[in-house]
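Please look at the sequence and the structure shown here, and then read the report that follows, which goes through a few features one after another.

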Amino acid sequence: GLFSNRRVRNVTSVFYPKTAPGGALCAYSPELKGKVFPVEEGLTLVLDTDSCFHQSAQARGRSSKPGQAVEIPKLPINCSTEVEEKDGQVVWRVVETDTRELICCVPEEDIRLSVSCKFHIFRNEEEAKQYEDPTAGLTPEQIIRTMKEDLLMRGKIPEDWAGEDVPLYQLGPVFYKEYIEPRAPTTEHVENAWAKFL
């Protein structure tokens, strides 16, 4: 790839402290085979989320049907959560910060909780020091310039796009088409992965 010599190997660990009815995670292999992992108490997943496409199902209550869209509350700009015990049941409340108006109320048993940690993996101490060096990183401008040069060389963008004044809204769709879409799961890949789970 264009940035292979700058790649930092990362691993993400996701831990589910309790079982939940929704929010399952689907991860795709480099061959785009998807595997769905349910939210089960004690389950821990370890994967390279920087290289593997992944997605989560919508979190849902126990009374909802899998595959059916759940209505999402409209949250105000300023809101907070509160936890209370009511009639022996733990409930999470979302309230508007200033007015204290109740936005929604969700039983804790319906909430998908996860603990996520990301780790950088280095071959040796020298590689770790290179990562910490502030001059070793790439700026957004360097990344855009490198991709533009590659696209120009391959004839994927017009030659008059070589300058610095090409807006990102023009470059963005080409970056997606050339660098992301060929490696991303298609609708068929996604449907096949979730069909086995639902």
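In which helix is the place of isoleucine 180? Isoleucine 180 belongs to helix H3, which covers residues 168–180, and this is read from a predicted model. With a relative accessibility of 38%, isoleucine 180 counts as partly exposed, because partly exposed is the class between under 20%, which is buried, and over 50%, which is exposed. Together with Phe53 and Tyr176, Ile180 forms a nonpolar patch on the surface, and the accessible area of these residues together is about 260 Å².

**The sheet**

Three strands make up an open sheet in the order S6-S7-S8, and their pairing is antiparallel. Strand S6 (79–86) and strand S8 (102–107) are the edge strands, each of which pairs on one side only, while the twist from one strand to the next averages 25 degrees. Strand S7, made of residues 89–96, runs antiparallel to S8 and is joined to S8 by five bridges; in S8, leucine 102 is the bridge partner of valine 95.

**Salt bridges**

The structure holds 11 salt bridges, and the table lists some of them, including the distance from N to O.

| Acidic residue | Basic residue | N to O distance |
|---|---|---|
| Aspartate 48 | Arginine 7 | 2.9 Å |
| Glutamate 82 | Arginine 93 | 3.4 Å |
| Glutamate 127 | Arginine 123 | 2.8 Å |

Aspartate 48 lies in the loop between strand S4 (44–47) and strand S5 (54–56), and arginine 7 lies in the segment before strand S1 (9–15), so their salt bridge ties together parts that are 41 residues apart in sequence. Aspartate 48 is partly exposed at 22% relative accessibility, and arginine 7 is partly exposed at 43%.

The salt bridge of glutamate 82 in strand S6 with arginine 93 in strand S7 links parts of the chain that are 11 residues apart. Glu82 and Arg93 also belong to a network of salt bridges that links them with Glu84 and Arg100. In the pair of glutamate 127 and arginine 123, glutamate 127 is buried, with a relative accessible area of 18%, whereas arginine 123 is exposed, with 63%.

**Aromatic pairs**

A search of the whole structure finds three aromatic pairs. In one of them, the ring centres of phenylalanine 122 and tyrosine 131 are 5.4 Å apart and the planes stand at 50 degrees, so this pair is tilted. Tryptophan 194 and phenylalanine 197 form an edge-to-face pair, with 5.9 Å from centre to centre and 80 degrees between the planes. Tryptophan 194 is buried, with a relative accessible area of 12%, whereas phenylalanine 197 is partly exposed, with 35%.

How values were computed
Residues numbered from 1 in each chain as written. Predicted model: local features only at pLDDT ≥ 70, side-chain atom pairs only at ≥ 80, totals over all residues. Heavy atoms only, no water. Pairing = 2+ DSSP bridges. Helix = DSSP H or I, 4+ residues; strand = E, 2+ residues; numbered from the N terminus. Axes fitted to C-alpha atoms, helices over the stretch in contact; angles between N-to-C directions. Phe/Tyr/Trp six-rings, centres within 6.5 Å; stacked < 30°, edge-to-face > 60°. Buried < 20%, exposed > 50% of the residue type's maximum accessible area, 1.4 Å probe, protein only. Patch = residues over 30% accessible without salt bridge, like charges linked within 9 Å, V, L, I, M, F, W, Y side chains within 5 Å. Areas by Shrake-Rupley, 256 points an atom, 1.4 Å probe, with all protein chains shown as cover. Salt bridge = Lys/Arg side-chain N within 4 Å of Asp/Glu carboxyl O.
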